[in-house]
Amino acid sequence: MVWMKLRMEMDSLWIRLRRMPRGFWFILLFGIGGALLFLHLEILSEMFLQQGPGMSSPRQSKEGLQAAEANPVSPMQHPNVEESKQKATTVSQEQDIGTPQITKRQRKLLKTSPQITHSKNVSLTSLPGFSAKGSLSNLSSILEARKQVMKNMCAKYKSGISRTITPDHVKYIYVEEKYKVLYCEVPKSGCSNWKRTLIVLSGKASNPDSLNHEQVHYGGYLKTLNRFNQKEIMHRLQTYKKFMFVREPLDRVVSAYRDKFENPNDYYHNLFGKPIISKYRVAPSAEALKTGNGVTFKEFVQYLLDGHRPVGMDIHWEQMNKLCHPCLIDYDLIGKFENMGEESNFLLRMIGAPDSLKLPSFKDRNPKDVRTSKEITEKYFSQVSLMERQRAYDFYYMDYLMFNYSKPFNDLY
């Protein structure tokens, strides 16, 4: 009896469905097809993100295409602007060292997760788990974990590069023979003071504070590794201690802009200022075109992100991984500008430098200017559009991944 009732109900339902207009069936089939297509595109998108490097447009220049091939580009979006309320810190903001793989889902979590904040003037020895006796071993563990994150990123994104080291790869590496040290220069990350310290280690000066900017950079005290022959280059890479210091990428860019374009500098104003003003300023004055003075931060960012730049890149704002090639060269220490005091002392003790020698901390160029901080970086990037902020982050995305810096702004993807 129950079966008969069920069958009658099914027959009645089937009759009602058959009476439905054809348009209903068309809409139903169209909806099912759309859902299947959406699921298929989601799967393809996930596969694409896991493969790494991002897309480039057909109109990009050769330089832009090479940059796109070399760097994974984070997904673009139009974020809602909220001024970040983080304070400047003396400790680098590193992401979770144990999660180097960045998937689509993890990026969504990064967008919605709160930024990590630190108190001002935090010392590693004051953090939980640190003691005066155990601070060196804990710092050593942090530095090793930092290297491991970098190696994971190299394996993920740079595994296909040539392993041959050429003189061009080592042109920014300075050699100190007495203590057998190789230092890769990253401008705006304490490089002037590191050069002073290397000159003192070499015995060519007794006090780093006595060396002015011109002596440090143009005095010929230090040789770069590319001035040796290939055999000598490889010998030093295999036997000398190698180190580099990095800085939060957008802080470094703002620092470079302030130094080169907001202060008198005939070289940069002529070489970069004139073409930047000529291309990106609407109705520039004759005086601005003649001198190159007064480049705005927005104009500088437009130049930086342009695939057809009117003038090439410069070491002061080039991507750090392109200066020092850490996927080719196995650095013994990758330090961070944000914790320069402790990490520089750790390195100096590691190479056997005299206990009395400390890395100087003064500014020899524009000493009256306040050092670029997180708050200053936020102020400058508030002058550009939402898309330009995202694209600036994308431009330095490989540096953020390899050196384990967290997102500079909450609204970035």
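**Close-up views of a predicted model**

**Figure 1. The hairpin of strands β1 and β2 in the predicted model.** Strands β1 and β2 make a hairpin in which 4 residues separate them. Within the turn, Lys 180 adopts a positive phi of about 55 degrees. Strand β1 covers residues 173-176, and strand β2 covers residues 181-184. The two strands run antiparallel and are joined by 4 bridges. Across the hairpin, Tyr 174 of β1 stands opposite Tyr 183 in β2.

**Figure 2. Strand β1 and its pairing with strand β3.** Besides the hairpin partner β2, strand β1 is joined to β3, residues 223-224, by 2 bridges. The strands β1 and β3 run antiparallel. Here Tyr 174 stands opposite Thr 224 in β3; in β2, the residue opposite Tyr 174 is Tyr 183. Which residues of β1 point one way, and which the other? Ile 173 and Val 175 point one way, whereas Tyr 174 and Glu 176 point the other way. All four of these residues are buried.

**Figure 3. The disulfide of Cys 154 and Cys 327.** The sulfur atoms of Cys 154 and Cys 327 lie 2.0 Å apart and form a disulfide. The torsion about this S-S bond is about -85 degrees, and the disulfide is therefore left-handed. The pair links distant parts of the chain, 173 residues apart. Cys 154 belongs to helix α5 (residues 135-157), while Cys 327 lies in the loop between α13 (320-324) and β5 (333-336). Cys 154 has a relative accessibility of 11% and so counts as buried. Cys 327 is likewise buried, because its relative accessible area is 12%, and the cut-off for buried is under 20%.

**Figure 4. The disulfide of Cys 184 and Cys 324.** The structure holds 2 disulfides, and the one shown here joins Cys 184 to Cys 324 with an S to S distance of 2.0 Å. With -95 degrees about the S-S bond, this link is left-handed. Cys 184 in strand β2 and Cys 324 in helix α13 are 140 residues apart, and the pair links distant parts of the chain. Cys 184 has a relative accessible area of 0% and is therefore buried. For Cys 324 the relative accessible area is 0%, so Cys 324 is also buried. When the bonded cysteines of the protein chain are numbered in sequence order, the pairing reads 1-4, 2-3.

**Figure 5. The surroundings of Ser 189.** Ser 189 is located in the loop between β2 and α6 (191-201). Is Ser 189 buried or exposed? At a relative accessibility of 0%, Ser 189 counts as buried. Leaving aside residues up to four places away in sequence, Ser 189 touches Phe 245, Val 246, Arg 247 and Arg 252, together with Phe 337 and Met 340. Cys 191 has a relative accessibility of 7% and therefore counts as buried.

**Figure 6. The whole protein chain, as context for the close-up views.** The chain contains 17 helices and 5 strands. Of its 413 residues, 46% count as buried. Among contacts between residues at least 6 apart in sequence, 74% join residues at least 24 apart. The accessible surface of the protein chain comes to about 22,100 Å², and 58% of this surface belongs to carbon and sulfur atoms.

Terms used. Residues are numbered from 1 along each chain as its sequence is written. This is a predicted model: local features need pLDDT of at least 70, side-chain atom pairs count only at pLDDT 80 or more; totals for chains, interfaces and linings use all residues. Side-chain values use heavy atoms; hydrogens and water are left out. Buried means under 20% relative accessible area, exposed over 50%, partly exposed in between (1.4 Å probe, protein chains only). Two strands pair if DSSP finds at least two bridges between them. Contact means heavy atoms within 4.5 Å. A disulfide is a pair of cysteine sulfur atoms within 2.5 Å. Accessible areas come from the Shrake-Rupley method with a 1.4 Å probe; for residues, only the protein chains shown count as cover.
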